[in-house]
Amino acid sequence: VDLMAGAKRPLFYCGGGVINAGPKASKLLTRLIRLTGYPTTLTLMGLGAYPASDRQFLGMLGMHGTYEANLAMHECDVMINIGARFDDRVTGRIADFSPGSTKIHVDIDPSSINKNVAVDLPIVGDAATVLDQMLKAWKAKDSKPDRNALKAWWAKIEKWRRRDCLRYKSSKTVIKPQYAIERLYEKTKDRDVYITTEVGQHQMWAAQFYKFEQPNRWMTSGGLGTMGYGMPAAIGAQVAHPDALVVDI
């Protein structure tokens, strides 16, 4: 918490471990991120752990992530990793990955600590438990972010954001996949909806263009690359939630 409060260019980097820790973990994460005012990015498996429509969310990071999320990861001075495993689709070349940051890594699995990336402060524990402790410690210490440094950091991030890295050329002759997913989101965002996905480019488009506001609404096989995952996952989700809308992209 002292490292977090002293950061000039902080970044939360969160993954599927937050989802796996249960809905409480996502609620606690959202509270902590909003309390600090810090930017956050999520992995493919972490989508929904923090509301995608919120200003503090920079989008997914990594190979298929946003320009602003990846540059923030590269230039941050304190990285708070909660439930993510430094996957190679996120890090790229390890030697060049976020070279100037002090890395805090919260993970329930001790074997994930220092496996891919050496970290400065490992915390082995359940994400919900640790987030609860972090919130209590932040409040008990009456921690305050460095407002001037944070303002400058956000100004830099907003400059990267203006690049609008996910823009695409619309067409009058074909339905662009990105447009189809944007329209799907607009038509379903107010419903009780669960999205599953197969494997490939459409999996990445779904991650980029469908805004997940809650955990456990996005089902994808992730790095395992299990082709054919989406259909049986959709059937399972529909059996579990008979009154909900389930879409397999």
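The exercises below, each followed by a worked solution, concern a predicted model of a protein.

**Exercise 1. Overall form**

Determine what radius of gyration a compact globule of 249 residues would have, and set the value of the protein beside it.

Solution. Begin with the chain length: for 249 residues, a compact globule would be expected to have a radius of gyration near 18 Å, and the protein, at 18 Å, agrees with that expectation. Next, consider the extent of the C-alpha trace, which spans about 50 × 40 × 35 Å along the principal axes. Then turn to the interior, where buried residues make up 49% of the 249 residues. Finally, look at the contacts with a separation of 6 or more, of which 64% are between residues 24 or more positions apart. The chain that makes these contacts has ten helices and nine strands.

**Exercise 2. Surface and charge**

State how many positive and negative side chains the protein has, and how far apart the centres of the two sets lie.

Solution. Counting the charged side chains gives 33 positive and 25 negative ones, and the centres of the two sets lie 6 Å apart. The accessible surface, which comes to about 12500 Å², belongs to carbon and sulfur atoms for 53% of its area. As for pairing between opposite charges, the structure holds twelve salt bridges.

**Exercise 3. Salt bridges along the chain**

For the salt bridges of Lys8 with Asp146, of Asp54 with Arg34 and of Asp96 with Arg93, work out where the partners lie or how accessible they are.

Solution. Take Lys8 and Asp146 to start with: the closest N and O atoms of this salt bridge are 2.6 Å apart. The pair links distant parts of the chain, 138 residues apart, since Lys8 is in the loop between helix H1 (2-5) and strand S1 (10-14), whereas Asp146 is in the loop between helix H6 (127-140) and helix H7 (147-161). Lys8 counts as partly exposed at 39% relative accessibility, and Asp146, with a relative accessible area of 24%, is also partly exposed.

Continue with Asp54 and Arg34, whose side chains meet in a salt bridge at 3.0 Å, N to O. Asp54 lies in the loop between strand S2 (40-42) and strand S3 (57-60) and Arg34 lies in helix H3 (residues 23-36), so this pair ties together parts that are 20 residues apart in sequence. Because buried means under 20% relative accessible area, Asp54 at 18% is buried, while Arg34 at 44% is partly exposed.

Conclude with Asp96 and Arg93, where the closest N and O atoms are 2.6 Å apart. Here Asp96 is partly exposed, with a relative accessible area of 37%, and Arg93 is exposed, with 64%. Beyond these pairs, salt bridges that share partners join Arg55, Glu158 and Arg161 into one network.

**Exercise 4. A buried acid**

Find which side chain of opposite charge is nearest to Asp107, and decide whether Asp107 is with or without a salt bridge.

Solution. Locate the residue: Asp107 is in strand S5 (residues 102-107). Asp107 is buried, and the nearest side chain of opposite charge is that of Arg85, 8.0 Å away. Because a salt bridge requires a side-chain nitrogen of Lys or Arg within 4 Å of a carboxyl oxygen, the distance to Arg85 is consistent with Asp107 having no salt bridge. To see what surrounds Asp107, leave out residues up to four places away in sequence; the residues that Asp107 then touches are Gly83, Ala84, Ser112, Ile113, Ile123, Val124 and Gly125.

**Exercise 5. Positive phi angles**

Describe the phi angles of Asn114 and Asp142, and the places of these residues in the chain.

Solution. Recall first that most residues other than glycine have a negative phi. Asn114, although not a glycine, has a positive phi of about 65 degrees; Asn114 is found in the loop between S5 and strand S6 (121-124) and is partly exposed at 44% relative accessibility. Asp142 likewise is not a glycine and has a positive phi, of about 55 degrees. Asp142 lies in the loop between H6 and H7 and is exposed, with a relative accessible area of 53%.

**Exercise 6. A loop residue**

Establish whether Thr197 is buried or exposed, and which residues Thr197 touches.

Solution. Thr197 lies in the loop between strand S7 (193-196) and helix H9 (201-209), and at 0% relative accessibility Thr197 counts as buried. Not counting residues up to four places away in sequence, the contacts of Thr197 include His202, Trp218, Tyr229 and Asp248.

Key: Residues numbered from 1 in each chain as written. Predicted model: local features only at pLDDT ≥ 70, side-chain atom pairs only at ≥ 80, totals over all residues. Heavy atoms only, no water. Helix = DSSP H or I, 4+ residues; strand = E, 2+ residues; numbered from the N terminus. Buried < 20%, exposed > 50% of the residue type's maximum accessible area, 1.4 Å probe, protein only. Lys, Arg positive; Asp, Glu negative; His and termini not counted. Contact = heavy atoms within 4.5 Å. Rg over C-alpha atoms; globule rule 2.2 N^0.38 Å. Areas by Shrake-Rupley, 256 points an atom, 1.4 Å probe, with all protein chains shown as cover. Charge placed at Lys NZ, Arg CZ, Asp CG, Glu CD.
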